Structures are given as structure tokens and as C-alpha cells.
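Work through the exercises below with the structure open. Each task is followed by a solution in steps.

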Amino acid sequence: MKEIYRACKKCKRITTEKICPIHGDEKTTTEWMGFIYIVETKVSSISERAGTEMPGMYAIKVRQ
Ligand SMILES: [Zn+2]
């Protein structure tokens with residue numbers, strides 16, 4: 001089964017769910033480009049910008 005990766009419009013977290021697992025009711029989109037993998041959130045300015053402290057995969061660009 002092929003999985004479609006989606007990104008949350010708010011935190012940019014990449015997920016296969018249609019609803020963001022972090023924000024609950026925040027919708028995700030397939031309109032995103034590139035991704036980063038955050039392992040150490042303390043030193044990541046990207047995770048700060050994204051407003052999240054959780055390690056994981058995040059999209060670089062998400063179409064709003
Ligand atoms: Zn989110």
C-alpha cells in the first residue's frame with residue numbers, strides 16, 4: 001500500500017494523516033516541498049520557526 005505524505009499547514013510536520021497529530025483539527029496538505037529531519041530540537045532554529053519542539057520530519061515549504 002502506497003502512503004501519501006502530507007504536511008501540516010501550521011507546524012509543517014510530515015504525516016500520513018489528513019489531520020495533524022499535534023494540532024488535532026489542523027488540516028494537512030499534499031502541497032509541500034522538501035523536508036528536514038529534526039533530531040536535536042534544542043539547536044534547531046527551524047524547529048523554533050515551526051513552533052514545535054518535537055523531533056521528526058518537517059516540510060520546508062508548505063503551500064497555505
Ligand atoms: Zn500541526
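**Exercise 1.** Which residues coordinate the zinc ion, and through which atoms?

Solution. The model is a predicted one. Step one is to list the donors: Cys8, Cys11 and Cys20 each bind the zinc ion through SG, and His23 binds through ND1. Step two is to read the distances, which run from 2.0 to 2.4 Å. Step three is to place the donor residues in the sequence, where their spacing is C-x2-C-x8-C-x2-H. Cys8 belongs to strand 1, while His23 lies in the loop between strand 2 and strand 3; the two are 15 residues apart, and the pair links distant parts of the chain.

**Exercise 2.** Assign the geometry of the zinc site.

Solution. The angles among the 4 donor atoms are 104 to 120 degrees. Four donors count as tetrahedral if all angles lie between 85 and 135 degrees. The site of the zinc ion is therefore tetrahedral.

**Exercise 3.** Classify Cys8 and His23 as buried, partly exposed or exposed.

Solution. Buried means under 20% relative accessible area, and exposed means over 50%. Cys8 has 0%, so Cys8 is buried. His23 has 29%, so His23 is partly exposed.

**Exercise 4.** In what order do the strands form the sheet, and where does Cys8 fit in?

Solution. The open sheet has 3 strands in the order 2-1-3, with antiparallel pairing. Strand 2 (14-15) and strand 3 (28-29) are the edge strands, each pairing on one side only. Strand 1, residues 6-8, pairs with strand 3 over 2 bridges. Within this sheet, Cys8 stands opposite Thr28 of strand 3.

Terms used. Residues are numbered from 1 along each chain as its sequence is written. This is a predicted model: local features need pLDDT of at least 70, side-chain atom pairs count only at pLDDT 80 or more; totals for chains, interfaces and linings use all residues. Side-chain values use heavy atoms; hydrogens and water are left out. Two strands pair if DSSP finds at least two bridges between them. Helices (H or I, at least four residues) and strands (E, at least two) are DSSP runs, numbered from the N terminus. Donors are N, O and S atoms within 2.8 Å of the metal (3.2 Å for Na, K and Ca); water is not among the atoms, so sites may look incomplete. Four donors count as tetrahedral if all angles lie between 85 and 135 degrees; four count as square planar and six as octahedral if opposite donors are over 155 degrees apart and all others between 65 and 115; anything else is irregular. Buried means under 20% relative accessible area, exposed over 50%, partly exposed in between (1.4 Å probe, protein chains only).
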